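Colleague: I would like a close look at a single part of this model. Please take one residue and work outwards from there.

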Amino acid sequence: MCKVRGCFLTLVFLCVLSINANAVFINVTEQALGVPHSQVTGRIMVAWPDVDSDGYPDLFLGSCYFYLNNQDGTFSLVDSTGIEAVIETGPEHRAAFADVNNDGLLDIALANHSHSTTDYDSRIYYFQQIEGGRLWFEGGPIYVNPLNTRSSQPVFVEGNGDGIYELYVGTFGNWAPDYGRGRDVYFELRGGAYVDVTGQYIPELLELQYTRHVRSTVACDYDNDFDMDIFSGVYGVDWTDPSWENYLWQNNGNGYFQDAGRYAGVAVETHGRYRIGLSSGASWGDYDNDGDFDLLVANIHGWAAIFRNEGDGTFTNVTEEAGLINRQKEWHNGTWLDYDNDGDIDLLLTQWYEGMDAYFYENEGPENLGHFHRVEDSIGFNRDEEFSELMGVASADYDRDGDLDIAFHSNEPAYRGIYLFRNELDSLSADNHYLVIQLVGDGVECGRTGLGSHIRILYPDGNSSGVKQVESASSDQSMNMHPVHFGLGHYDEIQQVTVRWLSGLTESWTMDDIGGIDRWVILEYGTGTPTSVTEGKNIPENTEILNVYPNPFNSGAKMKYTIAEGGNIEIKVFNLGGQLVDRMNVNHSAGGTYEVTWSASNQPSGIYFCRFRNGEYSETKKITLLK
């Protein structure tokens with residue numbers, strides 16, 4: 001049974017702004033959550049999933065605690081969801097959310113991470129949300145970590161273009177004297193269960209030199225080739241040892257990854273005490289609005305570095321150029337958000353130990369785009385108090401008023417706990433407009449959550465917004481809401497919204513299509529105007545699926561295809577729920593016309609989808625099984 005506690009009125013909100021007439025953010029923790037910050041149930045993970053699918057972001061804190069959005073500015077705690085009966089008790093859990101099985105409900109990956117693993121097993125869990133009118137999850141552990149290691153931030157990835165999300169989880173060693181080392185793990189969903197396929201898709205991770213201590217992992221199609229890549233920040237201590245370099249797992253277009261960190265220029269941040277940064281948190285964002293994703297890397301013994309994407313697969317460290325503080329600090333985490341709706345993303349940085357206060361950097365916009373200055377004191381945050389030693393930190397427009405609110409965990413002893421700060425920009429100024437976009441994939445060509453899809457806005461004067469994406473991990477211990485928030489600045493109209501789905505389909509919607517601005521809109525796969533179905537794809541000539549027959553079929557279906565040259569052909573079969581039920585790999589020595597038979601003798605009647613892939617070319621056919 002779900003035990004729901006608390007439904008708290010918002011009457012006390014009415015005069016809060018009188019505390020600081022210039023504040024943009026106000027502390028509404030007790031009014032919204034029903035208890036003071038120190039009594040909020042949950043741990044340091046902060047995420048904003050719409051877990052009950054009502055269109056309002058909910059708040060997830062720690063291992064199993066959900067605060068459901070009451071749609072009136074308050075939240076109700078649900079402290080029994082089936083998860084708490086399964087997970088191992090531990091001080092820290094990290095989580096990622098996505099609709100893995102394409103049933104319209106968010107599922108969850110949970111990973112242990114603790115400074116001490118001697119008194120409980122460190123495990124990775126997968127929980128599938130079950131339909132039935134209540135918030136309930138079923139599942140269990142899918143991986144047990146090696147002795148004296150723990151798992152770091154998990155991330156769901158659309159790795160191979162099949163509309164089903166893979167899962168990447170980093171591994172981090174325990175502190176001395178029981179220091180351990182383990183490898184990162186990559187999972188694929190097969191028959192409804194996650195299976196370790198690390199050796200198949202990321203074989204480098206099985207090599208000794210790739211056994212590194214990964215602190216956080218974030219995913220993004222940084223090279224704009226319609227597949228998701230993965231950055232893993234490595235917590236290292238020795239410049240001479242290459243095993244301390246960060247990973248940048250570049251997707252080869254077929255779901256296989258190779259490390260491009262050195263080539264791309266993000267393997268190390270060299271300004272630290274050990275001439276290597278010891279990466280802690282990372283986050284993707286287009287800080288200069290040029291249409292590709294740049295990378296923030298927070299380093300425990302180095303700079304909080306911005307790496308600018310040069311558009312050719314490489315990055316340049318522009319920390320000083322951007323105006324960020326360029327000295328050694330204990331940087332822990334960071335997140336991008338357009339807090340003032342002016343059309344460029346701002347930056348919240350957190351640190352530990354040395355000073356501990358967080359830094360809120362405002363992007364200076366069109367006059368000096370991509371250059372930042374600090375504003376935390378002027379927008380409502382108290383350094384040396386609750387805005388210190390932050391751990392999980394994530395943003396969402398939880399009250400759907402068009403501006404981003406922030407939740408975070410402060411580890412400062414005198415102020416320790418969870419805080420919720422509401423953005424009052426809509427009350428202070430109506431100068432800047434906004435648009436919040438929720439993507440919904442079809443569950444076959446594109447996963448329903450739309451992870452990794454690129455969204456960009458074109459304005460009537462020819463200017464464009466920066467690019468943004470849907471993500472299941474926004475930084476370490478943090479996940480922003482899935483609907484994507486755009487500040488529009490002074491633009492009171494747009495020309496179009498463009499979405500580049502990872503399937504290769506690019507679609508656009510006009511202002512008339514979406515009904516205007518200053519609203520939340522839902523964009524569904526296949527409902528926009530197609531501008532390209534192959535943009536950026538290398539389609540082999542004369543590659544074609546000729547037929548899938550008979551259709552309907554009884555026990556065996558045949559797929560006939562033509563390829564221009566030899567190579568590996570992959571055929572995956574999915575049921576109507578989006579679950580992978582079969583896979584066939586065929587290698588041809590030469591081009592020609594071929595036929596493959598899928599035996600469905602062990603499958604129930606119903607509709608299935610057969611996906612054919614040759615390199616970067618893919619096509620899906622629907623077929624019906626009758627018995």
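In which strand is Leu 420 found?

Modeller: Leu 420 is found in strand S29, which covers residues 417-423. Strands here are DSSP runs of E with at least two residues, helices are runs of H or I with at least four residues, and both are numbered from the N terminus.

A word on the source. This is a predicted model, in which local features need pLDDT of at least 70 and side-chain atom pairs count only at pLDDT 80 or more, while totals for chains, interfaces and linings use all residues. Residues are numbered from 1 along each chain as its sequence is written, and side-chain values use heavy atoms, with hydrogens and water left out.

Back to the residue. Leu 420 is buried, because its relative accessible area is 0%. Buried means under 20% relative accessible area, exposed means over 50%, and partly exposed lies in between (1.4 Å probe, protein chains only).

Next, the surroundings. Leave aside the neighbours within four places in sequence, and Leu 420 is in contact (heavy atoms within 4.5 Å) with several residues. Among them are Ile 26, Asn 27, Val 28, Thr 29 and Ala 32. Trp 48 and Phe 75 also touch Leu 420. So do Tyr 398, Ile 406 and Ala 407. Leu 59 is 361 residues away from Leu 420 in sequence, yet the C-alpha atoms are 9.9 Å apart in space.

The two residues that flank Leu 420 in the numbering, Tyr 419 and Phe 421, belong to one aromatic cluster. Its other members are Phe 25, Tyr 339, Phe 360, Phe 381, Phe 387 and Phe 408. Rings of Phe, Tyr and Trp (its six-membered ring) pair if their centres lie within 6.5 Å; planes under 30 degrees apart count as stacked, over 60 as edge-to-face and the rest as tilted.

By this rule the count comes to 44 aromatic pairs. One of them joins Tyr 201 and Tyr 256, with centres 5.0 Å apart and planes at 50 degrees, a tilted pair. Tyr 201 lies in helix H2 (residues 198-201) and Tyr 256 in the loop between strands S17 (247-251) and S18 (257-259), so the pair ties together parts 55 residues apart in sequence. Tyr 201 counts as buried at 1% relative accessibility, whereas Tyr 256 is partly exposed at 29%. Tyr 359 and Tyr 361 also pair: their ring centres are 6.1 Å apart and their planes at 45 degrees, so this pair is tilted. Both Tyr 359 and Tyr 361 are buried.

Ser 76 follows Phe 75, the contact named above. Ser 76 is found in strand S6 (residues 75-78) and counts as buried at 7% relative accessibility. The side chains of Ser 76 and Asn 70 share a polar contact of 3.1 Å. A polar contact is a pair of N or O atoms within 3.5 Å; within protein, one must be able to donate a hydrogen and the other to accept it, and residues adjacent in sequence count only if both atoms are side-chain atoms.

Now the chain as the setting. The chain has six helices and 45 strands. Of its 627 residues, 62% are buried. Among contacts with a separation of 6 or more, 57% join residues 24 or more positions apart.
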